Amino acid sequence: RWLQIRADVMGRPVTTLKVREAACLGAAILAGAAAGVYLSLDEGIEATVRPGDVYEPAPDRVREYEARYAVFRDLYPSLKGINARMVS
């Protein structure tokens, strides 16, 4: 659900990876490149990274987020000083 929201907010597809431990995979790619297993990071990525699910943005929700963001942008200059006082 969260990835669908991200796709809707950004208005762009969000793709997951098949591997569950992306940080470990990244470390393995870096280690492989450093050890000479891969000639470059790009080669290590090409050899190991596989896309998983793709979340496409829903046009109606994209429009809704864009409309709400426009309201936020209009309000922000007026609220900036008040927000600063709240965290002080």
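**View 1. Leu25, Ile29 and Gly32 are the buried residues of helix α2 in this view.** The model is predicted. Leu25, Ile29 and Gly32 cover an arc of only 65° around the axis, which puts them on the same side of α2. Cover for the buried residues of α2 includes α3 (41-48). The face turned away from the buried side carries exposed residues: Ala23, Cys24, Leu30, Ala34 and Ala35.

**View 2. Helix α2 has the length expected of it.** The helix covers residues 22-35, which makes 14 residues. At 1.5 Å a residue, α2 should span 20 Å. Its end C-alpha atoms are 20 Å apart, so expectation and model agree. Gly36 comes just after α2 and takes a positive phi of about 85°.

**View 3. Strands β1 and β2 run antiparallel.** The two strands are joined by 3 bridges. Leu17 stands opposite Pro51 in β2. In a regular strand, side chains alternate between the two faces of the sheet. Strand β1 (residues 14-17) shows such alternation. Val14 and Thr16 point to one face and are buried. Thr15 and Leu17 point to the other face and are not buried.

**View 4. Tyr55 lies in strand β2.** The strand covers residues 51-55. Is Tyr55 buried, partly exposed or exposed? Its relative accessibility is 22%, so Tyr55 counts as partly exposed; the cut-off for buried is under 20%. Leaving out residues up to four places away in sequence, Tyr55 touches Leu3, Gln4, Ala7, Arg12, Pro13, Val14 and Thr16. Among these contacts, Val14 and Thr16 are the buried residues of β1 shown in View 3. Phe72 is 17 residues from Tyr55 along the chain, and their C-alpha atoms are separated by 25 Å.

**View 5. Asp8 is a buried residue in helix α1.** Helix α1 covers residues 2-10. Asp8 has 2% relative accessibility and therefore counts as buried. Which residues is Asp8 in contact with, leaving aside its neighbours within four places in sequence? They are Glu56, Pro57, Ala58, Arg61, Val62 and Tyr65.

**View 6. Tyr69, Phe72 and Tyr76 form one aromatic cluster.** A pair of aromatic rings is described by the distance of the centres and the angle of the planes. The count of aromatic pairs comes to 2. In the pair Tyr69 and Phe72, the ring centres are 6.0 Å apart and the planes are at 20°, so the pair is stacked. Both residues lie in helix α4 (residues 59-87), 3 residues apart, about one turn of the helix. In the pair Phe72 and Tyr76, the centres are 5.7 Å apart and the planes are at 45°, so this pair is tilted. Phe72 and Tyr76 also lie in α4, 4 residues apart, again about one turn of the helix.

**View 7. The rings of the α4 cluster belong to partly exposed residues, beginning with Tyr69.** Tyr69 has 46% relative accessibility and counts as partly exposed. Phe72, with a relative accessible area of 44%, is partly exposed. Tyr76 is partly exposed too, with a relative accessible area of 37%. Partly exposed is the class between buried, under 20%, and exposed, over 50%.

Key:
Residues are numbered from 1 along each chain as its sequence is written. This is a predicted model: local features need pLDDT of at least 70, side-chain atom pairs count only at pLDDT 80 or more; totals for chains, interfaces and linings use all residues. Side-chain values use heavy atoms; hydrogens and water are left out. Buried means under 20% relative accessible area, exposed over 50%, partly exposed in between (1.4 Å probe, protein chains only). Contact means heavy atoms within 4.5 Å. The expected span of a helix is 1.5 Å times one less than its number of residues. The arc is that of the directions from the helix axis to the C-beta atoms. Rings of Phe, Tyr and Trp (its six-membered ring) pair if their centres lie within 6.5 Å; planes under 30 degrees apart count as stacked, over 60 as edge-to-face and the rest as tilted. Two strands pair if DSSP finds at least two bridges between them.
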